[in-house]
Amino acid sequence: MLALASIEFDLTGIEQGQSVTIKWRGLPVFVRNRTAKDVEEAKAVPLSDLKDPQTDEERTKVGHENWLIMIANCTHLGCVPVGDSGDFDGWFCPCHGSHYDSAGRIRKGPAPKNLVVPPYDFVTDTLVKIG
């Protein structure tokens, strides 16, 4: 059994447009309360523009589309991307130049896959269980 196989995290203090980084299973996890603009932009991206095609809906939970929860390791070499940066209003990994959009999807650079969404569920509207 893995230590901290699951954790619960209270989302109450995260303002719209703000991100925090928490730890789960020793990994950094980005928790971002996206703005309506972030969500609209992510939904408007054609799947043909994506290296690892995934809709925004596949990366979030119904009724909680503003919350994006992802493991904070670049899928190229495991670096931790910088938030609120890059060419697509998302994350940028300065180590090798991977750009992720506001849904954590790889859009440019050497990373082969989107930032990984861990298994998670909403316990309440403000409490999320990861793992």
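How many aromatic pairs does the count come to? By the rule used here (ring centres of Phe, Tyr or Trp, the last by its six-membered ring, within 6.5 Å), the answer is 2. Bear in mind that this is a predicted model, where local features need pLDDT of at least 70, side-chain atom pairs count only at pLDDT 80 or more, and totals for chains, interfaces and linings use all residues. Residues are numbered from 1 along each chain as its sequence is written, and side-chain values use heavy atoms, with hydrogens and water left out.

**View 1. Phenylalanine 30 with tryptophan 91, a stacked pair.** The ring centres sit 5.7 Å apart with 20° between the planes (stacked is under 30 degrees, edge-to-face over 60, tilted the rest). Phenylalanine 30 comes from strand S3 and tryptophan 91 from strand S6 (residues 90–93), 61 residues apart; strands are DSSP E runs of at least two residues, numbered from the N terminus. Phenylalanine 30 is buried at 5% relative accessibility, and tryptophan 91 is buried at 1% (buried is under 20% relative accessible area, exposed over 50%, partly exposed in between, with a 1.4 Å probe and protein chains only). Arginine 32 lies over the face of tryptophan 91, 4.9 Å from the ring centre (CZ of Arg or NZ of Lys within 6 Å of the centre and within 35 degrees of the ring normal).

**View 2. Tyrosine 120 with phenylalanine 122, edge-to-face.** Here the centres are 6.1 Å apart and the planes 70°. Both tyrosine 120 and phenylalanine 122 are buried. The charged end of lysine 61 sits over the tyrosine 120 ring, 4.8 Å from its centre.

Technical notes:
Helix = DSSP H or I, 4+ residues; strand = E, 2+ residues; numbered from the N terminus.
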